[in-house]
Amino acid sequence: MFLKELQTLSQLRNTFAWADRLLLVSSLAMLTVSMFIVGCGQVITLTPTPTPAPTPTIGVTLAANLAPATSTPAPYTPAPTLTPTMTPTPVIHTVQSGESLLAIATQYGISVSALQDANGILDPRTLQVGQQLIIPRPDETDEASAPTATPTPLPLPVQNVYLNETATGNVWLLGEVKNDTDTALEQVQVAAVLLDAQGRETARAETLVALDLVEPGDLAPFALLFDNQPTQYDRYQITVKHAVPAYVGSYYRDLEVNRLESARERYSSYTVSGAILNRGPEEAVSVQVVLVAYDSLERVVAMRKVDPDYNVVPRGGEASFTAILTPLGGPVSRIEAIAQGRRLQTTTP
């Protein structure tokens, strides 16, 4: 019995010894881990994650360039409405046979340069029959507001003048301008005034001579009518108001009149007929014939421009004409016919 108790006691002692060894080994293991962590230079402290405290709300004002919702909207200014400008209907003139830029400009009361600028005409001698021209308004030209200079009369002689007063009170002046220069002329214009006994002007008129081209030494007839019936006059004055050197290259100078005949009719009228022959190497266009009647004193008593049956005459061809010529005086001693025409102008593209 005593022996059993000793054995039991010995077993308990062994048990406690084994427990002490186990506790020592655990302690050594923990110490080794701690030393390893310290050797790495870091100490890790495990602390519980704190619960974040609630953030207090801070009122923030956004500064924006916005008008208050209750403000009145700014008035809206609409874009200006484009009001169309009413452009006047342009005046269009169709060039007729025998017309020049000077005659057309004089008809509408504008200058030749304004007419050229409006239509892009560099050379007025290239004007064609049937060509349409824009007539500028006087307020579109600077010259309309500028004072009009009095042109200097040209020293070309006017001769064979005949004055006739009709039964209705109208006054005609007929005559010829002589080109006594060495240069061919064109756009020759004459001006005439009627004067009373005191030298005061009572009427004025202007016109172009009948010939488009006036060669050196040639005579160009004219017939001038005073539209406003003068109350009284004692004498007249005629001057050549305008003329320019001619561009003869635009004229056809190889036309002649053949088979000219005249027959006197009633009331001193004459029926004049003939043919215009083209003896040149090209086609002639804008062909006309100018008829002139002279009395026994060589004064011009009748003048008329006539278009033939065809105003285009081919090379070697001819065009017939017939016209009534009524002299303002007489008796008629002779009748002359002068043919004139233009060369066909070709445009280079």
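Before I begin, one definition: two strands are said to pair here if DSSP finds at least two bridges between them. With that in hand, let me turn to strand E13, bearing in mind that what we are looking at is a predicted model.

E13 covers residues 284-295, and its partner strand E16 covers residues 332-343; the two run antiparallel and are joined by 10 bridges. If you would like one place to look for this pairing, find valine 285 of E13, which stands opposite arginine 342 in E16.

E13 also pairs with strand E14, residues 300-306, again in the antiparallel sense, and here there are 6 bridges. In this pairing valine 289 stands opposite valine 306 in E14. The two strands, E13 and E14, form a hairpin with 4 residues between them, and in the turn glutamate 298 has a positive phi of about 65°.

How, then, are the strands ordered in the sheet? The sheet is open and has 4 strands, in the order E10-E16-E13-E14, with antiparallel pairing. Strands E10, residues 251-252, and E14 stand at the edges with a single partner strand each, so one side of each is left without a neighbour in the sheet.

At the E10 edge, 2 bridges join E10 to E16, and these strands run antiparallel. The bridge partner of tyrosine 251 in E16 is arginine 342, the residue that also stands opposite valine 285.

Finally, is E13 mostly covered or mostly open? E13 is mostly covered, since 12 of its 12 residues are buried, where buried means under 20% relative accessible area.

Key: Residues numbered from 1 in each chain as written. Predicted model: local features only at pLDDT ≥ 70, side-chain atom pairs only at ≥ 80, totals over all residues. Heavy atoms only, no water. Buried < 20%, exposed > 50% of the residue type's maximum accessible area, 1.4 Å probe, protein only.
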